[in-house]
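Visitor: Could you walk me through a few residues of this protein? I'd like to see it first.

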Amino acid sequence: MPTKKLIFLCAINNILSGTCKEDCKFCTQSVRYHADIERYSYKKIGQIVEEARQAKANGALGYCLVTAGKGLDDKKVDFVARAAQAVKAEVEGLNLIACNGTASLEQLIYLKEHGIDSYNHNLETSERYYPEICLTHGWRERYETCENVKSVGLALCSGGIFGMGETEEDRNELLMAIASLQPESIPLNFYHPNPALPIKTRNIGFEEALEIIRKAHALLGEDRLLMVAGGRELLFNGKEGEMFNAGANSIVIGDYLTTSGLAPKKDQLMLEKLGYEVATSCDSH
């Protein structure tokens, strides 16, 4: 009898919210667009640890510490390192992911030394289309951060957002660029419109989203974590089986950075109903 397909769960913690000065047109955390979101400075480390414990109890193997802003500075890298050490000391078995924007080799080495296992930095879209969604920093800078992650021996998590007005050619170019980096995990996000943002509509539907998952799976292979992240509830609610059949083997549970996700219990019931098992160890992949 074939073994059940394992699904890997990841949780996100927005530990510094809504303070970014960049102009990314897809992001409610930019102060330029005055989106109606919760904005706060550094979360208490004790709260981060407690939320990590809850994420683990909900089945998460990956736990991502996210900060708003273009990249790391001394204060931010110190805070993320202290948060990582505290989580590692209290909660066993979590793969700790940092998602803090542009990062130098020195900063990444420091995070690795303090308990970070993976670094997430998405390419977002194709190099050609990038100036249409962001002018305050360039696509190449994002790619170089991903190369830095690989070079210091951290696992790389890199993906993008689909449905921001890009063409099919842009989508294919983005997937090829991601594949060229050979990340260990690939978050596929689908644009979630917000009335405050300059990109008003999402130009992607269910079938196109499935095709992106199929292409990513074909390009990157069975041994990568193909994670359907932001926008999953908008496109796949009730149709998750097709998403997994297309090649996805990982999802984000709970809330996203500034939008609500499904209750983790709902996702657990959905996986059970579809006959999937929640992975309990990164080694099982």
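Visitor: Leaving aside neighbours within four places in sequence, which residues is Asn189 in contact with?

Guide: Happy to help! This is a predicted model, where local features need pLDDT of at least 70, side-chain atom pairs count only at pLDDT 80 or more, and totals for chains, interfaces and linings use all residues. Residues are numbered from 1 along each chain as its sequence is written, and side-chain values use heavy atoms, leaving out hydrogens and water. Asn189 sits in strand β7, residues 185-190 (strands are DSSP runs of E, at least two residues, and helices runs of H or I, at least four, numbered from the N terminus). Contact means heavy atoms within 4.5 Å, and beyond four places in sequence Asn189 has Asn122, Gly160, Ile161, Phe162, Ala229 and Gly230 as its partners.

Visitor: Does Asn189 count as buried or exposed?

Guide: Buried means under 20% relative accessible area, exposed over 50%, and partly exposed in between, using a 1.4 Å probe and protein chains only. Asn189 has 15% relative accessibility, so the verdict is buried.

Visitor: Which residues does the UniProt annotation "binding site" cover?

Guide: The annotation comes from an unreviewed UniProt entry. Its positions follow the numbering used here, feature names are shortened, and annotations may be inferred rather than shown by experiment. The residues covered are Cys20, Cys24 and Cys27.

Visitor: What does Cys27 count as, by its relative accessibility?

Guide: Cys27 lies in the loop between β1 and α1. Setting aside residues within four places in sequence, Cys27 contacts Tyr33 and Leu197. Its relative accessibility is 22%, so Cys27 counts as partly exposed.
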